Amino acid sequence: MSSIQNINSSHGNGNEAIVYKTYKVRYLGLFTIVFLNIASGFIWLTYSSVTEAAQAYLNCTSTFINLTSMLYFVAFVIMAPLAGWMFEAQGIRRSLLFGSLLQLIGAWLRYFSNWVESTPEHPGGRLALTMIGHIIAALSQPFFLSLPAKFAATWFSDKSRTTA
């Protein structure tokens with residue numbers, strides 16, 4: 001079983017045939033992008049689905065809980081141009097690593113906020129650390145949502161691109 005598949009494609013005047021090679025490892029990259037999108041969605045919607053429990057845990061109003069979801073939209077608008085530039089200038093691998101690092105830092109900050117004391121009289125610490133982590137994780141989302149089309153165009157043949 002070969003790990004390389006040859007793809008013939010003609011460009012230009014039709015007389016020349018360019019042979020592209022596709023590798024089985026492309027499916028690992030595709031799985032990684034899908035997994036990172038799922039992880040990003042989990043972080044994004046963690047508090048929105050359990051608003052009342054999150055309000056009690058973070059000692060805040062529903063406005064802050066709704067803000068956690070809206071931050072992702074704002075972050076996407078801000079970071080999408082940077083993500084697009086990074087795909088072209090630094091490549092897919094470095095872009096994914098950078099986005100993964102942002103998501104990891106944001107998730108860890110949110111996790112560490114569990115050990116910050118939060119009471120109705122002094123609610124600030126846990127909420128602040130959670131929001132900082134959430135913002136950092138939100139900045140990573142464009143690196144995962146904007147990448148599938150570029151990845152499919154780079155790593156998959158014309159015939160298998162729509163499947164990817």
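Me: What makes helix α1 oblique to helix α3?

Reply: In this predicted model, the axes of α1 (residues 26-44) and α3 (residues 62-90) cross at roughly 135° and come within 9 Å. Angles over 145 would count as roughly antiparallel, and 65 to 115 as roughly perpendicular. The crossing of roughly 135° fits neither range, so α1 is oblique to α3.

Me: Which residues of α1 and α3 meet there?

Reply: From α1 come Ser40, Ile43 and Trp44, and from α3 come Thr68, Ser69, Tyr72 and Phe73. By class, this contact of α1 with α3 holds four nonpolar, three polar and no charged residues.

Me: Why is Ser40 called buried?

Reply: Its relative accessible area is 1%. Buried means under 20%, so Ser40, at 1%, qualifies. Ser40 sits in helix α1, and leaving aside neighbours within four places in sequence, Ser40 is in contact with Tyr72, Gln103, Gln141 and Phe144.

Me: What makes α3 oblique to α4?

Reply: The same kind of reasoning works here. The axes of α3 and α4 come within 7 Å and cross at roughly 140°. Roughly antiparallel needs an angle over 145, so with roughly 140° the pair counts as oblique.

Me: Which residues make the contact of α3 with α4?

Reply: On the α3 side there are Met79, Met86, Phe87 and Gln90; on the α4 side, Ile92, Arg94, Ser95, Phe98 and Leu102. They divide into six nonpolar, two polar and one charged residues.

Me: What makes a group of residues a nonpolar core, and which members of the largest one touch the most others?

Reply: The members must be buried residues of the nonpolar kinds, joined through side-chain atoms within 4.5 Å. The largest such core has 13 residues, and Leu96, Phe143 and Leu147 touch the most other members. At least two residues each come from α1, α3, α4 (92-112), α5 (124-145) and α6 (147-155), with the largest share, four residues, from α3. There is also a second, separate core of eight residues, including Ile65, Leu71, Leu127 and Met131.

Me: What is Phe143 in contact with, leaving aside its neighbours within four places in sequence?

Reply: Its partners include Met79, Met86, Phe87, Ser95, Leu96, Phe98 and Leu102.

Me: How do you know which stretches are listed as a transmembrane region?

Reply: That comes from an unreviewed UniProt entry, which lists residues 27-47, 67-87, 94-111 and 131-153. In the model, residues 27-47 are 86% helix and 0% strand, with end C-alpha atoms 32 Å apart. Residues 131-153 are 96% helix and 0% strand, with ends 36 Å apart.

How values were computed. Residues are numbered from 1 along each chain as its sequence is written. This is a predicted model: local features need pLDDT of at least 70, side-chain atom pairs count only at pLDDT 80 or more; totals for chains, interfaces and linings use all residues. Side-chain values use heavy atoms; hydrogens and water are left out. UniProt positions are given in the numbering used here, feature names are shortened, and annotations may be inferred rather than shown by experiment. Axes are lines fitted to C-alpha atoms, for helices over the stretch in contact, and angles run from 0 to 180 degrees between N-to-C directions. Angles under 35 degrees count as roughly parallel, over 145 as roughly antiparallel, 65 to 115 as roughly perpendicular and the rest as oblique. Contact means heavy atoms within 4.5 Å. Ala, Val, Leu, Ile, Met, Phe, Trp, Tyr, Cys and Pro count as nonpolar, Asp, Glu, Lys and Arg as charged, and the others, Gly among them, as polar. Buried means under 20% relative accessible area, exposed over 50%, partly exposed in between (1.4 Å probe, protein chains only).
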